[in-house]
Structures are given as C-alpha cells and as structure tokens.
Amino acid sequence: MSAETAFQRPSPLLQVRGLTHRYGPHIGCRDVAFDLYPGEVLGIVGESGSGKTTLLKCVSGQMEPSEGSVEYQTRDAGLIDLFRMSEARRRLLMRTDWGIVYQNPRDGLRMRVSAGANVGERLMAIGDRHYGHIRSEAVDWLERVEMDIGRIDDMPHTFSGGMQQRLQIARNLVTKPRLVFMDEPTSGLDVSVQARLLDLIRGLVRTLGIACVIVTHDLGVVRLLSHRLMVMKGGNVVESGLTDQVLDDPQHPYTQLLVSSILPV
Amino acid sequence: MADVIDHPSRTAATDARTTSGYNFAYLDEQTKRMIRRAILKGVAVPGYQVPFGSREMPLPYGWGTGGIQVTAAVIGPDDTLKVIDQGADDTTNAVNIRSFFAKTAGVATTDRTVEATVIQTRHRIPETPLSENQILVYQVPIPEPLRWLEPRETETRKMHALEEYGAMHVSLYEDIAKYGRITKSYNYPVRVNGRYVMSPSPIPKFDNPKMDRMAALQLFGAGREKRIYAVPPYTKVKSLDFEDHPFTIESWEQSCSLCGAGDSYLDEVVTDDKGGKMYVCSDSDFCEQRRAAGHVGDGGDSAYATRDKIPSGDEQ
C-alpha cells in the first residue's frame, strides 16, 4: 500500500526541513527532515531522551522549533509553514484536520465531562449546534473504537486505561482528520490491551486513510503499524527507511543495538 | 504631594449633604477616571472583559465591590439611585449600598424603577422595562464564562480572542445528556453582538431575554476579579443553546399571591411549618406598583393581604 502511494508521488501532506530545537545549550533534536504522504504511517523510535517527543511537539505545532520549517498541505492554500500562519488558523487546523493522541489520556481528555461530550466537543468547536446530531456521531464513534455505548454518559476517570486511550482516539477522529500524531499511545497498558488497541489503530488508519506520526520506544508497535521508520539518538536521526528494511537489516550500530535488545519471548 | 482633585460638580450644597472627609461618591477622581476608561472600552467592545485596578472598598468581596465602583464612577449629583438585591430593595445588601451612596454622594435614592437613573443590581433585572436614560449596573462574582472548563487565564483570553467557544456548549450537552434538557437556570451564558461569550452574572435565565436589545446601558463590575464589561443600548444578546434544544425561560403554574402577576419571576415563600407557602414577585417594586394600581392576587395558602405581613416565623 505504501509502495503504491510512493510510486505515484502525490504531494506530501507534511514537509519538514532542517528542524532543530534547542533547550538553552542542550539539543532537543537536530536538522531533521522528512516528508509524510497522505495515508502514510511514520514511526519514530529511539531511547528515552533521544528527542522523539521534542520532534513530535515541533511538527504538531505545540512548540515552535528554534530553526527549520514545518509545512502542512492545507485543503485550500497548499503547503503553508505552521509557524507563519496565524495562531487562529493553526489552532483551527489542530482541532479539525489534525488529531493528537497523548501518552497520558489525562492530557488529551476532559476528565470532568462525560465520554459523549468528550467525543462531541470537537464537533461543537467547529459549529455543530444540533444536539441530536452530536449525540449520534458520539455513539457512532464510540462504536467504532469498540466501546460500550451504555457508558456514553460516564466520566472518563471511571474508565480503564485502555478505554481512556480508545476514547481519546474517538475524540480525535470525530472531525475526520487527515493527520494524527500519537505519542506512545500504548505504553502503560498491559500487553493484551496493547494488542487490541494496536489492532484497532491499524484498522482505523487503513480504512480512513489517515496519515500518522507515531512516536514510541516499542519496536513491536512500529513493526505492526508503520510503513516507514526513523531512528533517533541524541537528537539526531541516525537511520530511516522502510520499516521492514530498517528492522531486518539495520545499518547503523545504534539501530543494530536497538533491534538486538528486544527481549525474545 | 499630588493635589487632591475634587469632583467637578462639588459645591457647598453637595458638601452639606455628604459625610465630610470623603470625595464625592467615595472614590477619588483619578480612580474614577481609570474606571471610566475601562467602561468606555467595555462599551466599545461589547462583552469583552476589560481589566481594571479594582480598589479596596468598605465592604467584603462578594457583596458588590465591583458594582459599587462602577456606580461610583458613573453617578453624578443629579442622579437617582436604586439598589436591588434578589429583586428586593429592602434586603441588607441593597439597604447598605443605598445608604453608602446617600452618605458619600448625597444623591437621591428611590425604590421605584421608573424614577431611578442608575440602578445597581444583584441577581435580577427589574420587570419594568428600562429606558434610554437609565444605567443598569450588575454586581458580578465570576466574570469569566469559560472558567469552569479552563482554569488558565492566559488560555481563556486566547479562547475569547480567537472565538473558540465550542467548549461552552459542552456544559449544555452534559445537561441534556443527564437530564434531557438544559438545566442551567442562572448565570446562563450569552453571546453579545454575535462575538463575545459573556457571563450575565447570577441573574435567573428568566431575565436573559430582557438583556437583548435593552434600551438602557448595562455595565458589569467584578471587584475581586478586577474586570469590567458592558452591553451598550440596543445590542443583540443571545443565550447559547442547541437547535433541537432551544433556550427557554422558567415558567410557573402559579401567579403572584399578592398582585396576581402571571408574567413575573416568582419567589416561593414558606409561610408556616405545615407546608404552607405562597408565591410572590421577586421584584418588590413591580409588585407594589401593581397592587397600588388595584391588582390583587389570590393571597396564597394563608391569605396574607400585604407583603409586610409575611410572618417572621414565631407567629405560628
């Protein structure tokens, strides 16, 4: 599937060039460049402190990078630099065309309002003022992420970790975004719940054709989900390529170390 | 030492009427200028919360410190002041604020809505329609309508600036999901002039439609939160709602036991310890004017002829 889109070479959805972010004298990430095409899933792996999350925050517009550009293919005006567009436009983009799934569901959900309102919030934010419609959309999306409809009026804090994560996904997908950023979406969940969640994400990404940037330290996650892979170490991208290629034939010593340090089951 | 500036209309006559040692209407003239500037900005941008340097006032926060600062800044020696608390002129808060301005500004005070030029209010808008010659000053405890879902002030300001008001409907959604209807009954959020979402202060939603295109200038003062905002005369004020769950106001099966009004906001008054109760207009002036004009209610459960005879509790 990725090969097909790659051959046709449509214009990229996200174009990152020379992205560097410094925290004072420290380097967060250095000179990162990549293209992301519609429907493509890009994995970013690396150990803790390698700059993965810094990179994700910069490309998702949550943090302005020290140098470099992040250009997004808008529906009406072509490629526009995120940090040159008005803040109003960037925030509108973030809550309509994009989704961000946080590692900790508490960062991405409103914990004090019901699951249904969490899903409906984005619809209300873009001007939906019909309760019946918002409600039926919420029901539909909770079904799609395999949640119990009977719990639509329950508070998110009464949900298990896996359910909170699925609710976060439903909340993001309700506006049919073209691009979703995920920061360690499965860490902190036990393996069987992880497997079901990964299966769900894979299914949704395939059927909806969403482009996705997934940051994780879990090579199993990227093996399952991503088409392409970037390996980071100390703020630098040390290796990138097709997922299978990188994982099965790692070239850089650090990637080799990373791949060999997976615990065999 | 800076010279003390007196109120421009200060005369021997106003001095004679007021308590000595204070400037006209308590606040010094520089403070009033600062507050007037905030008011003008508020009028220019309807519904926008203008920060101002709120002063310590001789009453506790929550009792109307914002309201009396606004009143002090707009009142002049020729004004007639009315103060309402929960619709009534004879409650502690209203009596105190009225006597405060009688002492420090020497202005005439009244209970009658039609006679007043400045009306300071807490929790109600008078039932009698207001005119272009009147100013309505609201006491506001929490001016920020977005506060309940966003605790950061920097963020709520940004939300106002970018018109990100979708989250306001989340609370209405929650009401309908839980109770089948919007249950918020006071401090019901409104959109002013199609732009800013504004907290109307804790008035019942019954009063929200009166704010829409009101002839009088409406000023809002929040002393503790240091914010002033305004709705100019004849400005559109729309209560937030859903298309399939439109905004509605409260209604009662009863009418006022004293004056028989069927279209006013009613208070339930317990009259004995045997379940007896009566419904009376919350707006005491409105009720009195109607009774003076000959309207009579059914007298309620215990048939009290006038409001003055509501028992104090130990009569039974």
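Biologist: What follows helix 2 of chain A, and what is the sign of its phi?

Modeller: A:Gly61 comes after helix 2 of chain A in this predicted model. Its phi is positive, near 80 degrees.

Biologist: What makes helix 2 of chain A mostly covered?

Modeller: Helix 2 spans residues 52-59 of chain A, and six of its eight residues are buried. Those six are A:Lys52, A:Thr54, A:Leu55, A:Leu56, A:Cys58 and A:Val59.

Biologist: Why is A:Thr54 called buried?

Modeller: The cut-off for buried is under 20% relative accessible area. A:Thr54 has 9% relative accessibility, so A:Thr54 counts as buried.

Biologist: What does A:Thr54 touch, not counting residues up to four places away in sequence?

Modeller: A:Thr54, in helix 2 of chain A, touches A:His21, A:Tyr23, A:Gly28, A:Cys29 and A:Met63.

Biologist: How do you know whether A:Leu19 is buried or exposed?

Modeller: Use the cut-off again: buried is under 20%. A:Leu19 is at 0% relative accessibility and therefore counts as buried. A:Leu19 lies in strand 1, residues 14-23, of chain A.

Biologist: Which residues touch A:Leu19, leaving out those up to four places away in sequence?

Modeller: Among them are A:Leu55, A:Cys58 and A:Val59, which are buried residues of helix 2 of chain A. A:Asp31 is another contact of A:Leu19. A:Leu19 and A:Asp31 are twelve residues apart in sequence, yet 4.8 Å apart in space, C-alpha to C-alpha.

Biologist: Now the helix pair. Why are helix 7 and helix 8 of chain A called roughly parallel or antiparallel?

Modeller: Helix 7 (residues 161-173) and helix 8 (residues 191-208) of chain A pack at an angle of about 10 degrees. Roughly parallel needs an angle under 35 degrees. Helix 7 and helix 8 of chain A are therefore roughly parallel to each other. Their axes are 10 Å apart, and the crossing is right-handed.

Biologist: Which residues make that contact, and of what class?

Modeller: Helix 7 of chain A contributes A:Gly162, A:Gln165, A:Arg166, A:Ile169 and A:Leu173. From helix 8 of chain A come residues including A:Val193, A:Arg196, A:Leu197 and A:Leu200. By class, the contact has eight nonpolar, two polar and two charged residues.

Biologist: Which members of the largest nonpolar core touch the most other members?

Modeller: The core has 57 residues, and A:Val119, A:Leu167, A:Ile169, B:Tyr173 and B:Phe242 touch the most other members.

Biologist: What is B:Phe242 in contact with, leaving aside neighbours within four places in sequence?

Modeller: From chain A, A:Met124, A:Arg129, A:His130, A:Tyr131 and A:Ile134. From chain B, B:His169, B:Leu172, B:Tyr173 and B:Ile176.

Methods:
Residues are numbered from 1 along each chain as its sequence is written. Chains are lettered from A and ligands numbered from 1 in the order in which they are written. This is a predicted model: local features need pLDDT of at least 70, side-chain atom pairs count only at pLDDT 80 or more; totals for chains, interfaces and linings use all residues. Side-chain values use heavy atoms; hydrogens and water are left out. A nonpolar core is a set of buried Ala, Val, Leu, Ile, Met, Phe, Trp, Tyr and Cys residues joined through side-chain atoms within 4.5 Å. Buried means under 20% relative accessible area, exposed over 50%, partly exposed in between (1.4 Å probe, protein chains only). Contact means heavy atoms within 4.5 Å. Axes are lines fitted to C-alpha atoms, for helices over the stretch in contact, and angles run from 0 to 180 degrees between N-to-C directions. Helices (H or I, at least four residues) and strands (E, at least two) are DSSP runs, numbered from the N terminus. Angles under 35 degrees count as roughly parallel, over 145 as roughly antiparallel, 65 to 115 as roughly perpendicular and the rest as oblique. A crossing is left-handed if the near helix is turned anticlockwise from the far one by less than a right angle, and right-handed if clockwise. Ala, Val, Leu, Ile, Met, Phe, Trp, Tyr, Cys and Pro count as nonpolar, Asp, Glu, Lys and Arg as charged, and the others, Gly among them, as polar.
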